[in-house]
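Thanks for sharing this one with me. I have put my reading notes below as numbered points, so you can follow them with the structure open beside you.

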Amino acid sequence: MRLPCRVSLVHTSSSRGTTSAPAGMFVPDCGSTDVQSLQLLQNFISQATRVFAISGAGLSTESGIPDYRSEGVGLYARTDRRPMQHVEFVRSAKSRQRYWARNFLGWPQFSAHKPNAAHRALQHWEGQNKLHWLVTQNVDALHSKAGQKRLTELHGCAHRVLCLCCGCISAREELQRRFVELNPDWRAQTGAAAPDGDVFLEDELALNFRVPACEICGGILKPEVTFFGDTVNKDTVQFVHSKLAESDAVLAVGTSLQVYSGYRFLLAASDRKIPIAIVNIGATRADHLSQLKVRGRCGDVLSIIQPI
């Protein structure tokens, strides 16, 4: 007996497409999830009292936000573009100008995305004291929008802006207002939505885009997120390890765990003999560490599992 999984159409358009996208456009074909796997996952959750969960981009794709690695529909599959590197952003004013121009254009749509069934399920688990702690690798604030409180945003949040000089944190929405004031007549034809809040844009179109400095010290402004090539704050990592140590089960949802910053916690759980379950459409780096692997859309699976 098999439970049908709501399958989304695969989207393979070029980077010159529209910036809007139906919520399921970036979710790969997931086939079906068998009832036996769902029952095993229900048993896994029922036997646990303090679940430690780690989420990834596979949750956000179901809200319409593209990711990097999903087979056939992720950024790496659809284009030859690659994400901004930390060293490039810090060293090059031109790179920062291009990044912020793309981010400025993509922000209205990115900031409007809403939590989906998977976010709501995890928040419900927290309310029922089943979920001890949630670590997300996403920077889209969707867990916070869903009301999650026991939450660590491992890679930061795109809704916050950091000054690299004085360390001041400000709201991304406020920066959007400053962009508008500095660029009242700037217009550009955008391409398709990209992960992490920006859109595809030809480099030359950003040449006249003006980027504000920190209002306090005049320093460089950067999204309060961990760019590729950067490292997660050591205190944050240690805090997450402490929450893992307090837990008796680990659930990885919507993540391939290809990035070590998240994968390290699965390695630590395995070393501690904490049982691991994974919910993901595709293969993950930690499949060999898990006691249970359920293939399916995160929202479809988690909304069925009861936190009892």
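The points below take up the two sheets, the helices on them, a pocket and an aromatic pair.

1. A word on the source before anything else: this is a predicted model. Please read the remarks below with that in mind.

2. Let me begin with the six-stranded sheet. It is open, its strands pair in parallel, and their order is S5-S4-S3-S9-S10-S11. The edges belong to strand S5 (151-153) and strand S11 (292-294); each has a single partner strand, so one side of each is left without a neighbour in the sheet. On average, neighbouring strands here are turned by 15° against each other, direction ignored.

3. Within that sheet, you may like to look at strand S9 (residues 249-253) beside strand S10 (residues 276-279). Four bridges join S9 and S10 in the parallel sense. To find the register, start from Leu 251, whose bridge partner in S10 is Ala 277.

4. Two helices deserve a look against this sheet. Helix H6 (residues 117-127) packs on the sheet and touches strand S4 (131-136) as well as S9. The direction of H6 makes about 145° with that of S4. Helix H9 (residues 234-245) lies across S3, S4, S5 and S9, and runs at about 150° to S4.

5. Now to the other sheet. Three strands in the order S7-S6-S8 make up an open sheet with antiparallel pairing. Strand S7 (169-171) and strand S8 (221-225) are the edge strands, each pairing on one side only. Neighbouring strands of this sheet are turned by 45° against each other on average, again with direction ignored.

6. How many bridges link strand S6 (residues 156-163) to S8? There are five, and S6 and S8 pair in the antiparallel sense. Leu 162 has Lys 222 in S8 as its bridge partner. Helix H5 (residues 93-112) lies across S6 and S8, and its course is at about 140° to S6.

7. The second largest pocket brings us back to these strands. About 220 Å³ of space lies in this pocket, and S6 and S8 are the elements that give two or more residues to its lining. Of the 15 lining residues, Glu 224, Val 225, Thr 226, Thr 231 and Asn 233 lie nearest the centre of the pocket. By character, the lining divides into four nonpolar, six polar and five charged residues.

8. My last point concerns aromatic rings. The model has 13 aromatic pairs. One of them is Phe 52 with Phe 265: the ring centres are 6.5 Å apart and the planes stand at 50°, so the pair counts as tilted. Phe 52 lies in strand S3 (residues 51-55) and Phe 265 in helix H10 (residues 260-271), so this pair ties together parts that are 213 residues apart in sequence.

Definitions and conventions: Residues are numbered from 1 along each chain as its sequence is written. This is a predicted model: local features need pLDDT of at least 70, side-chain atom pairs count only at pLDDT 80 or more; totals for chains, interfaces and linings use all residues. Side-chain values use heavy atoms; hydrogens and water are left out. Two strands pair if DSSP finds at least two bridges between them. Axes are lines fitted to C-alpha atoms, for helices over the stretch in contact, and angles run from 0 to 180 degrees between N-to-C directions. Contact means heavy atoms within 4.5 Å. On a 1 Å grid over the protein atoms alone, a cavity is a set of points where a 1.4 Å probe fits but cannot get out, and a pocket is an open set with protein on both sides within 12 Å along at least five of seven lines; lining residues have an atom within 4 Å of a point. Grid points are joined across faces, edges and corners, and a volume is the space filled by probe spheres set on the points. Ala, Val, Leu, Ile, Met, Phe, Trp, Tyr, Cys and Pro count as nonpolar, Asp, Glu, Lys and Arg as charged, and the others, Gly among them, as polar. Rings of Phe, Tyr and Trp (its six-membered ring) pair if their centres lie within 6.5 Å; planes under 30 degrees apart count as stacked, over 60 as edge-to-face and the rest as tilted.
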